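Thanks for coming. I have one structure to go through today, so please look at the screen while I talk.

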Amino acid sequence: MSDIVIEKRKSSPYETFNKCTLVDAQYYPMSSFRKIEFEDRKRIQFHIISIQGLPQQAGWQTISSIFLSVESLETRDSFATGHKKNSSLISWGENMPQMDLKDSSKVRFELKSQVLWKNKTVLGTTDVFEIGQLLKMQSQAGEDRDAHIELIVPIKSTTNNSTSPKQAILSLSVRQTAMKDRNSAITAVDQSRFVEMCQQQSSEELRAFVGKMVRFRKALEDTPFLCLIDIILGVSEGVRKIIENPVTRNINKNTVALSTALNQAFLPYESLSARHMGKRSEHTMEMMSEMLCSVVKALVSVENFLRMQDAFAKDKLEFKVTYWIRYFEECARFLLEKDSKRPVPLVNKTSRRVAYQSPMVASSELPKYNMLPMELPTTHASGSYVRPDLVRLIAEWIYSPSFRETRTPSSEPRSTNNVFCLHGAPGCGKTQLASHIMDWLQDMGCLGGYFSFESDATHKPSQILEALPMTVIHQICTAEPDAEGQLKAAFAKQQAAAVHGSLQDRFEKLFVGPMREFEKGRVAPAWNPLETLVFVIDGIGSRGDSDSAEYQRMVEVLGEFLSSKAVSRLPKYIKILVLCRSETGLGKMLSQSGTGYVCEMGPIVQYVESPSPSVSEPSTFGPTSTCFNGSAHALTGCSFDSFYSGVLIANVIF
């Protein structure tokens with residue numbers, strides 16, 4: 001018999017990501033979840049018909065102080081019945097106590113007596129019965145109105161009279177009534193266990209879905225879907241954090257159902273390779289693109305639902321979650337069954353947002369003074385794609401509030417998390433990386449605009465910076481046509497500011513103010529939030545005169561602008577992604593002023609085999625401090641704790 005040789009295989013980068021992102025030291029690993037056996041509760045009604053053999057008073061009638069109680073041994077709740085006495089008879093017909101119980105819940109019936117202020121005396125107690133047992137006995141007795149079961153109640157002897165009855169017969173019917181809704185099936189006692197069960201199941205299904213996306217990504221390395229799958233993985237990380245956070249209480253079976261639907265929808269694609277995908281029809285590629293873009297929107301909708309505190313808005317957001325559940329279930333059916341109808345993704349009918357076009361089309365309704373035409377970069381058509389780690393990081397910042405938590409409480413509200421600065425050495429691939437992301441943001445209607453400082457060499461650096469507000473305003477009129485009315489009204493009211501105001505003043509009065517009014521004036525903004533709009537500012541430090549004093553002054557003014565109150569008051573759905581060279585010092589300025597998130601695009605990511613993560617206390621959404629792979633650079637206020645354990649990233653500052 002030959003020896004068995006076990007070869008240690010080096011795991012791939014994306015297998016490492018799958019293990020590190022979804023099971024890390026800062027959050028619950030799957031082994032830490034307690035297995036929960038959960039039973040739905042039922043509304044049980046006990047209809048007391050009669051009690052025969054009760055003790056007699058003066059030898060002729062039943063004691064009038066006798067009553068019956070139904071006690072749950074699980075919660076120790078006891079429901080006492082009353083009765084009506086007419087002559088020598090006691091009528092029990094109106095005594096129908098109702099209790100929310102499980103099949104395994106145990107109850108017993110007690111006969112008690114009380115005279116005036118004296119203590120209650122237990123006359124007799126039935127055996128302990130499970131609800132499932134009582135329902136089975138009732139089923140055998142029949143479901144007719146008069147059908148009932150009989151239970152023996154041994155009577156305790158209180159006198160030396162040998163003629164006292166030894167037992168009574170309790171006749172009753174046990175019925176299961178309809179619940180008002182599914183949430184009524186959960187009592188306060190089991191609420192926390194129900195949430196814990198849903199957290200466990202949602203986390204398991206989400207992990208399975210992410211694992212499927214990682215394998216899917218590996219098979220499609222030469223297709224245009226690579227960046228989109230990394231965006232999905234980044235958004236999934238944000239959803240995972242809020243699902244596994246102990247303070248999340250909105251989680252329910254719909255959250256589990258969505259994770260399951262996502263996991264099942266891509267089963268028909270799982271076995272496809274890049275070669276097979278290339279042979280697929282254009283119709284199939286279009287369907288896959290539509291499904292992957294819908295995954296991002298579905299994950300954003302479930303995170304909005306999990307974070308919502310208002311009860312009415314929460315119900316509306318849950319309706320969107322249920323729509324996505326049906327959509328992905330229909331997608332799986334459509335891919336497996338030829339005769340099924342192609343599903344249609346959810347469309348926000350209250351928004352006319354359109355995909356941003358290149359070159360930008362200026363709005364005919366606004367003045368064109370001090371604005372520059374822009375075209376999107378085209379490096380994504382030929383450049384290689386080598387930085388999935390940063391794409392996932394940026395995607396989580398764009399879509400997930402779990403990443404964008406306020407670092408420190410302040411008396412003055414600031415939205416510093418609206419800015420993400422990515423800086424690096426010349427030629428490291430910042431614009432190329434952004435072009436991959438912008439390509440899919442366009443398709444999802446989430447690209448607000450693009451502004452480059454190297455687009456026009458004929459203008460001075462200060463002139464290009466002065467054109468930033470007007471250029472962005474024209475771009476958002478194209479991407480968000482519903483906001484054009486507020487922007488036109490602001491120009492009519494602030495004509496002097498449009499020409500003579502400072503950079504910050506113009507941006508505040510002509511862009512921030514109107515966009516805040518637009519967001520506030522929408523129908524039901526709480527449960528119908530706008531999708532994220534991302535503006536990309538590129539080319540800072542790329543011109544030949546970037547070493548000049550004039551250019552350095554322009555960078556300082558830009559840093560002051562990004563740290564200003566005007567930018568901090570932007571609506572939360574508007575994000576600014578800034579790309580600059582490290583030598584400009586813009587990243588350092590933003591870091592020192594506490595503005596947004598600053599990340600240095602270092603060398604190519606090095607993947608290493610990560611050890612099994614140790615179990616520690618789950619982190620909340622508050623400030624933390626972490627280091628990546630022993631790096632000397634601290635992460636202050638980092639909301640993506642240990643996001644890439646096993647990935648080397650240089651100098652990420654928050």
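I will take the sheet, then the helix packing, and then one aromatic pair. Keep in mind throughout that this is a predicted model.

Let me begin with the sheet. Four strands make up an open sheet, and their order is β8-β1-β13-β12, with antiparallel pairing. Which strands stand at the edges? They are β8, residues 98-101, and β12. Each of these has a single partner strand, so one side of each has no neighbour in the sheet. From one strand to the next, the twist averages 40°.

Now the pairings, going across the sheet. Strands β1 and β8 run antiparallel and are joined by four bridges. One residue to find there is Arg-43, whose bridge partner in β8 is Asp-100. Lying against this sheet is helix α2, residues 131-141, which touches β1, β8, β12 and β13. The direction of α2 makes about 95° with that of β13.

Moving on, β1 covers residues 42-52 and β13 covers residues 167-177. How many bridges join β1 to β13? There are nine, and the two strands run antiparallel. If you want a marker for this pairing, His-47 stands opposite Ser-173 in β13. Then comes β12, residues 149-154, which pairs with β13 over six bridges, again in the antiparallel sense. Here Val-153 has Ala-168 of β13 as its bridge partner.

That is the sheet. Next, the helices. Two packed helices are described by the angle between their axes and the distance between the axes, so I will give both for each pair.

I will start with helix α11, residues 430-443, which packs with helix α4, residues 226-243. The angle is about 80° and the axes are 9 Å apart. The two helices are therefore roughly perpendicular to each other. On the α4 side the contact is made by Cys-227, Leu-228 and Ile-231, and on the α11 side by His-436, Ile-437 and Trp-440. Sorted by class, this contact of α4 with α11 has five nonpolar residues, one polar and no charged ones.

Helix α11 also packs with helix α10, residues 388-399. In this case the angle is about 45°, and the axes are 11 Å apart. That is why α10 counts as oblique to α11. The crossing of α10 and α11 is right-handed. From α10 the residues are Leu-390, Val-391, Ile-394, Ile-398 and Tyr-399, and they meet Leu-433, Ile-437 and Leu-441 in α11. By class, the contact of α10 with α11 comes to eight nonpolar residues, with no polar and no charged ones. Note that Ile-437 of α11 takes part in the contact with α4 and is also among the residues that α10 meets.

The last helix pair is α13, residues 468-479, with α16, residues 503-521. Are these two roughly parallel or roughly perpendicular? Their axes come within 9 Å and cross at roughly 15°. That makes α13 roughly parallel to α16. The crossing of α13 and α16 is left-handed. Helix α13 contributes Pro-469, Val-472, Ile-473 and Ile-476 to the contact, while α16 contributes Leu-503, Arg-506, Phe-507, Leu-510, Phe-511 and Met-515. The classes in the contact of α13 with α16 are nine nonpolar, no polar and one charged.

Finally, the aromatics. The structure has 13 aromatic pairs, and I will show one of them. Phe-216 and Phe-266 form a tilted pair, 6.3 Å centre to centre with 50° between the planes. Phe-216 lies in helix α3, residues 191-219, whereas Phe-266 is in the loop between α5 (253-265) and α6 (267-270). The pair therefore ties together parts that are 50 residues apart in sequence.

That is what I have; questions are welcome.

Note on methods: Residues numbered from 1 in each chain as written. Predicted model: local features only at pLDDT ≥ 70, side-chain atom pairs only at ≥ 80, totals over all residues. Heavy atoms only, no water. Axes fitted to C-alpha atoms, helices over the stretch in contact; angles between N-to-C directions. Parallel < 35°, antiparallel > 145°, perpendicular 65-115°, else oblique. Contact = heavy atoms within 4.5 Å. Nonpolar A, V, L, I, M, F, W, Y, C, P; charged D, E, K, R; others polar. Pairing = 2+ DSSP bridges. Left-handed = near helix turned anticlockwise from the far one by under 90°. Phe/Tyr/Trp six-rings, centres within 6.5 Å; stacked < 30°, edge-to-face > 60°.
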